[in-house]
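Visitor: I am new to this structure and would like a close look at a single part of it. Please take the place where protein and RNA meet, and go through it in order.

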Amino acid sequence: MEEDAGALPKKQDFSEWYNELLWRAEIMDVRYPVKGLYVWYPYGFAIRRFVYDRLRQLLDRDHKEALFPLLIPEQEFMKEAEHIKGFEDEVYWVTHGGTTPLDVKLALRPTSETAIYPMFALWVRSHADLPLKIYQVVNTFRYETKQTRPLIRLREITSFMESHTVHATWDEAEAQVESEIALSQEFYKSLCIPIVISKRPDWDKFPGADYTIAIDTIMPNGRTLQIGTVHHLGDHFSRTFSIQYEDKNGEQQIAYQTCYGISERCIAALISVHGDDKGLVLPPAVATLQAVIVPITIGKRRDDVLAAADKLKSDLESSGFRVKLDTRDMRPGAKYYWWELRGVPLRLELGPRDLDAGKAMAVKRTGEKTSIRLANAAEDTTRVLAEVADALRAKAEDGMKEHLCSVASMEQLNGALNDGKVAVVHWCQDRACGDKIEEQANSSILGTNVRSPYVQESDGPCVICGKPGKATLVGRTY
RNA sequence: GGGGUAGUAGGGUAGCCUGGUCCAUCCUAGAGCGUUUGGGACGCUUUGACGGCGGUUCGAAUCCGCCCUACCCCA
């Protein structure tokens, strides 16, 4: 009877679970009265901070962070034809300054190529200026017409990390694409989120790119979520914006570019992949609090227990852990549920019995109970948190494996998709066949050149026309 | 993009057709006090709302118009 008191919807009912969890764990408040815009609660914002700190840490190894304006003048925005076509339906325009109509409309950036590249044209003079690698973390605006969802489909993307690079040659830019893919892999590894990488079909590449490599993860309901993209821009934008450099022979050469983006969808994935029926489960690397200490204070031992808990807290803090001592006037059980909902990876319970044994009970958010020695608290906590991360990663990888399968016919494809899976089929790469696959299976072609430990690259007959085809990832997407 | 349904306190509902004791109700919500505390404690007290703007009217949660927002179905 107590069981349903305050319980979340089951994770099986993913959509309900997701919305309720965002609210209950105080990540996003969806009640802001503009469609597609949501409010970050302090707790959610703290998670965001740790996640983006990690991302910055990786980028800072060879990129510089900068900040470009939100508003883009119409004539710059309109310069690259393919790019406009891709975005024109979803751009917000600023048309007035006060009550005065503007001579030149200003776009709220849906992405920043056209804000950044005119400046790159000024910055890049000689081969010595290359490669140029810049990133920024900003909000962007897209007038989405499909159903909006917090962290997933937004009209204001609040946390768009976009990286833009300039290189002397196409090949160097391609090498940069690979290095950005590697960076993504490292980033998602620290979030314990399994990913699958593929090359998007031509009709789905970034408007104005030579090709697009996408990073997807699979949500618990089997729909895929694109959580990163890397684009080889070739020389499309550099020609349009005149980004050229003087080579060693004193001749002007056109530059080549890449760009790369990750948004708060990475946090949607973090929540969805790891969360369970009790709430959030945060990987230790990005957890707002890595451990919470719950003192069990009864009768006259109260002061002893509190003193020991306080010492445990400062020991852990001085070793760099993010720790909270929960001394609120609540029953211990209520505190357990509270912190489980909020995803704290480790709970340390300290009561008279533990004190006598010189230990604290350590309960992992992933399930198992163990203990840490009070005299070696930092050492033991390091170990236990590493175990939590390993368990999370293993569980998430299992989930990914279960959601992937290979099929050889449209009938099987439909069956697999209806079963909540993402499937590998063979496809001849012809647009007409691609359209048929998407229509007949009510799905999307994610891409070819699939990189995943669970997918074998292979050739086989196209599921539509029977001509030779390549392994292609097909799924239902967010 | 097309169609439909709906917005009442922290959350969930009733009331609306037929305008007036409507100070409504439930809870896992909030605030206060007390007793409690090794897996969601209990008692008492209490706060708080009719999505927004405008109209009709002596009087609007209720009728009319516009807007915003949410959800569902179809493309």
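Guide: What follows is a walk through the surface near the RNA, with a short look at the domains and one residue at the end. Bear in mind that this is a predicted model.

Begin with the residues around the strand. RNA strand B is surrounded by 28 residues, and the closest are D329, R331, R347, P352 and D354. By kind, the residues of this surface divide into 12 nonpolar, six polar and 10 charged. On the RNA side, 44% of the strand B atoms within 4 Å of the protein belong to sugar or phosphate, and the rest belong to bases.

Next, the elements that supply this surface. Helix α10 (332-341), strand β17 (346-350) and helix α11 (352-357) each give at least two residues to the surface near RNA strand B. The largest share comes from α10, with six residues.

Individual atoms can now be picked out. Two of the pairs involve bases of RNA strand B. In D354, one of the residues closest to the strand, a polar side-chain atom lies 2.8 Å from a base nitrogen. In R353, a backbone N or O atom lies 2.9 Å from a base oxygen of RNA strand B. Another pair involves R31: an N or O atom in the R31 side chain is 3.2 Å from a sugar or linking oxygen of RNA strand B.

To place these residues in the chain, turn to the domains. The domain assignment of chain A gives domain 1 (14-274), domain 2 (289-387) and domain 3 (404-475). The C-alpha centres of domain 1 and domain 2 lie 40 Å apart. In the contact between these two domains, six residues come from domain 1 and four residues from domain 2.

Helix α10 deserves a second look, through one residue. W338 lies in this helix. Is W338 buried or exposed? W338 counts as partly exposed because its relative accessible area is 31%, and the range for that class runs between 20% and 50%. In sequence, W338 and A25 are 313 residues apart, yet their C-alpha atoms are 8.8 Å apart in space.

To sum up the part you asked about: α10 gives six residues to the surface near RNA strand B, and D354 and R353 each place an atom close to a base, at 2.8 Å and 2.9 Å.

Definitions and conventions
Residues are numbered from 1 along each chain as its sequence is written. Chains are lettered from A and ligands numbered from 1 in the order in which they are written. This is a predicted model: local features need pLDDT of at least 70, side-chain atom pairs count only at pLDDT 80 or more; totals for chains, interfaces and linings use all residues. Side-chain values use heavy atoms; hydrogens and water are left out. A residue is near a molecule or strand if one of its heavy atoms lies within 4 Å of it. A polar contact is a pair of N or O atoms within 3.5 Å; within protein, one must be able to donate a hydrogen and the other to accept it, and residues adjacent in sequence count only if both atoms are side-chain atoms. Helices (H or I, at least four residues) and strands (E, at least two) are DSSP runs, numbered from the N terminus. Ala, Val, Leu, Ile, Met, Phe, Trp, Tyr, Cys and Pro count as nonpolar, Asp, Glu, Lys and Arg as charged, and the others, Gly among them, as polar. Domain bounds come from an automatic or database domain assignment. Contact means heavy atoms within 4.5 Å. Buried means under 20% relative accessible area, exposed over 50%, partly exposed in between (1.4 Å probe, protein chains only).
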